[in-house]
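Student: I'd like a close look at a single part of this model, with some context around it. Could you walk me through the charged side chains and the loops they sit in?

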Amino acid sequence: MTRSPRVLWLTVPSLVWFAVFSVGPLVAMFVIATLRWKGLLYEPTYIGLDNVTKVFADPTFHAAVRNSLIQVAVAIPVMIPLAFMLGYHLNTKPRGYRILSVLYFSPGLISISMTGMIFYGVLSPNGGVNGLLRGLGLDSLANAWLADPATALPSLIAIDLWRGIGWTAVLFAARLASVPGEVIEAAQIDGAGRFRTMWQVAYPMVKDYVRTLTMLQFLWTLFTSAALILLLTKGGPGTSSTTLSYLVYAKAFSMRDLGYSQVVGVVLLVLGIAGMALIRVLLRGDNR
Amino acid sequence: MRKRPLATVLSWLYALILAAPLYYLAVSALKTNIEIFTRPFALPAAWLWENFRTAWETARLGQALLNSVLISLVAIVLTLALAVPAAYALARTDNRAARVVTGAFSAGFLIPPFAALIPTVVLAIKMGLFGTREFQMLFLPASALPLSVLLLTQFMRTVPAALVESAALDGAGHWRLLTRVFVPIAMPGVVSVTILQLLTFWNEYLFALTITGTAPDVRTVQVALPTLVSDATNLGVLAAGTVLTVLPVYIAYSLMNRRMQEALTAGAVKE
């Protein structure tokens with residue numbers, strides 16, 4: 001029998017690779033957070049916790065915390081329940097469900113840079129949304145969506161929802177397909193309404209999966225908003241659409257303060273872990 | 001089953017919201033700016049195929065597509081070369097060390113690569129690979145490893161123990177067991193991982209932008225496309241460029257939509 005522990009050596013190349021390119025940079029983040037480092041071409045000097053003091057006193061950082069909290073607090077509670085209901089509906093194979101699932105699936109194929117370019121056109125002052133509003137005679141509602149401090153962040157959240165709901169719904173549908181059909185039918189024969197069957201029979205059976213996807217969507221929303229913001233608003237006007245994720249990027253590359261950037265990176269990591277713990281508590285598997 | 005008008009209406013309403021920007025993109029690709037502004041949702045009065053050529057030449061999309069293909073292919077080969085042996089080892093071992101390795105990859109799966117963007121740029125500079133395609137080829141597999149290893153391990157665990165024993169009695173070593181028994185049986189998993197990670201590599205944006213950069217001879221298609229935006233953007237050309245870069249993915253999807261859907265859902269269904 002060759003079931004020797006030696007074979008585990010075969011995991012070493014992948015572990016080394018992972019350590020060098022993923023774990024290493026993650027650890028380095030904590031080191032860079034303690035340095036005064038004005039751009040990548042300069043020599044850094046150690047300044048300890050001075051960056052932390054600077055960051056926490058900066059109004060831009062406060063705005064970024066607020067915007068990030070708004071972003072996840074709106075996007076996730078809207079996205080997950082809607083996606084679950086649409087996924088449940090998709091799983092009952094309604095008429096035309098093939099077309100629906102192809103459409104719901106397609107944001108999963110389109111990269112963030114393509115999404116940015118699509119909405120650059122759709123949301124521009126002479127773009128699709130305003131064209132639609134004028135066509136409906138609602139000229140007064142037309143707006144420079146990305147250039148107005150009141151609508152820049154909401155527009156970005158709307159794009160998160162545009163891509164996230166359908167894609168998550170397809171994932172829920174794939175998971176619900178593994179729930180035995182008899183269970184659902186039995187509940188309906190017992191006279192349970194459709195809404196009750198969905199939330200009181202189907203939901204508890206896939207609760208663990210709902211929790212996993214909620215965590216993943218939360219982390220994606222919190223961490224990866226920088227790309228779309230870079231493409232569409234550059235954090236503005238002012239700081240109205242600056243999130244923590246974008247601040248990490250902007251401080252390092254446009255404002256040349258790497259120490260500041262990485263303090264924000266650490267804050268982001270802490271918020272990510274805290275948010276996951278919160279989701280775990282809120283969606284506890286109580287095995288009902 | 002009973003009728004459920006509300007669910008039907010809502011599901012199609014959302015489908016419409018999803019489709020509208022895509023339709024707007026497709027018709028804009030064949031129009032001038034003026035026509036995009038004045039008749040946003042109408043079909044083009046004159047089909048302006050010229051936009052596609054302008055986009056292709058202005059953003060140098062040919063070279064960019066080539067760079068994207070090159071980076072994605074090398075990265076996927078490297079990913080499989082690292083992940084398949086690791087998954088084989090994990091599927092065949094059940095001790096504390098194996099659980100520690102699995103735990104490390106499970107934790108790594110949760111951390112979005114973006115978290116360490118800036119230190120990764122520093123690493124690229126230290127390695128002398130800043131501004132090259134090579135760094136992406138080396139880096140992307142690392143970000144793909146946790147999920148790839150975990151998924152492949154699940155598939156390799158389905159190999160029947162009896163089969164392994166009889167092959168081992170015939171004197172098969174690790175290499176023959178891996179190539180003749182485990183990989184063939186875990187083939188659906190290998191295909192899923194390949195599709196899923198190829199799409200991820202193809203679509204990667206921020207690392208390609210900050211490390212490989214915007215120089216026309218090395219930049220990927222994701223980086224090349226946004227260069228069409230300027231103070232006076234020609235929206236028709238931008239839309240045409242977007243269509244050209246989304247198209248390869250949609251063609252792949254239409255050729256193998258079931259396999260692709262399986263692969264992408266597998267990526268998130270992993271537990």
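Tutor: Here is a walk through the salt bridges, then the loops, then a few spots in the second chain.

Keep in mind that this is a predicted model, so a word on confidence comes before the details. Chain A has a mean pLDDT of 87, with 97% of its residues at 70 or more. Within chain A, helix H3 (residues 59-91) has the highest confidence, at a mean of 93, while helix H8 (residues 181-189) has the lowest, at 75.

Now the setting. Chain A carries 12 helices and two strands, and read from the N terminus the order is one α, then β-β, then α for the rest. Its C-alpha trace spans about 75 × 70 × 30 Å along the principal axes. Of the 288 residues in chain A, 55% are buried. If you take the contacts in chain A with a separation of 6 or more, 70% of them are between residues 24 or more positions apart. Chain A exposes about 12800 Å², and carbon and sulfur atoms supply 66% of that.

On to the charges. Over all chains, the structure holds six salt bridges. One of them pairs the side chains of A:Asp257 and A:Lys38, at 3.8 Å from N to O. This pair links distant parts of the chain, with the two positions 219 residues apart: A:Lys38 sits in the loop between strand S1 (35-36) and strand S2 (45-46) of chain A, and A:Asp257 sits in the loop between helix H11 (244-253) and helix H12 (258-282) of chain A. The two ends differ in how they are covered. A:Asp257 has a relative accessibility of 7%, so it counts as buried, whereas A:Lys38, at 41%, counts as partly exposed.

Set against that a local pair. A:Asp208 and A:Arg211 form a salt bridge through their side chains, at 3.4 Å from N to O. Both are in helix H10 (residues 207-232) of chain A, three residues apart, or about one turn of the helix. A:Asp208 is partly exposed, at 40% relative accessible area, and A:Arg211 counts as buried because its relative accessibility is 16%. Going back to the A:Lys38 bridge for a moment, salt bridges with shared partners join A:Lys38, A:Lys54 and A:Asp257 into one network.

Chain B has a salt bridge to look at as well: the side chains of B:Arg99 and B:Asp94 meet at 3.2 Å, N to O. Here both B:Arg99 and B:Asp94 are exposed.

B:Glu204 is a useful contrast. This residue is buried yet has no salt bridge, and A:Arg163, the nearest side chain of opposite charge, is 12 Å away. B:Glu204 lies in the loop between helix H10 (187-203) and helix H11 (206-212) of chain B. Leaving out residues up to four places away in sequence, B:Glu204 touches B:Gln136, B:Leu140 and B:Gln222.

Next, the backbone of the chain A loops. Most residues other than glycine have a negative phi, and most peptide bonds are trans. The loop between H10 and H11 of chain A holds A:Lys234, and A:Pro237 lies in that loop too. A:Lys234 is not a glycine, and its phi is positive, near 55°. A:Lys234 is exposed because its relative accessible area is 55%. As for A:Pro237, the peptide bond leading to it from A:Gly236 is cis, with omega near -5°. Another positive phi, about 50°, belongs to A:Lys93, again not a glycine. A:Lys93 is in the loop between H3 and helix H4 (97-105) of chain A.

Two more places in chain B round this off. B:Leu6, B:Leu10, B:Leu13, B:Leu16 and B:Ile17 make a nonpolar surface patch of about 510 Å². Of these, B:Leu10 is found in helix H1 (residues 5-28) of chain B, and it is partly exposed, with a relative accessible area of 43%. Then there is B:Glu262, in helix H14 (residues 257-269) of chain B. At 36% relative accessibility, B:Glu262 counts as partly exposed. B:Glu262 and B:Ser192 are 70 residues apart along the chain, yet their C-alpha atoms are separated by 7.2 Å.

Note on methods
Residues are numbered from 1 along each chain as its sequence is written. Chains are lettered from A and ligands numbered from 1 in the order in which they are written. This is a predicted model: local features need pLDDT of at least 70, side-chain atom pairs count only at pLDDT 80 or more; totals for chains, interfaces and linings use all residues. Side-chain values use heavy atoms; hydrogens and water are left out. Patches are made of residues with over 30% relative accessible area and no salt bridge: like charges are joined within 9 Å, nonpolar side chains (Val, Leu, Ile, Met, Phe, Trp, Tyr) within 5 Å. Accessible areas come from the Shrake-Rupley method with a 1.4 Å probe; for residues, only the protein chains shown count as cover. A salt bridge is a side-chain nitrogen of Lys or Arg within 4 Å of a carboxyl oxygen of Asp or Glu. Helices (H or I, at least four residues) and strands (E, at least two) are DSSP runs, numbered from the N terminus. Buried means under 20% relative accessible area, exposed over 50%, partly exposed in between (1.4 Å probe, protein chains only). pLDDT is the predictor's confidence in each residue, from 0 to 100. Contact means heavy atoms within 4.5 Å. Lys and Arg count as positive and Asp and Glu as negative; His and the chain ends are not counted.
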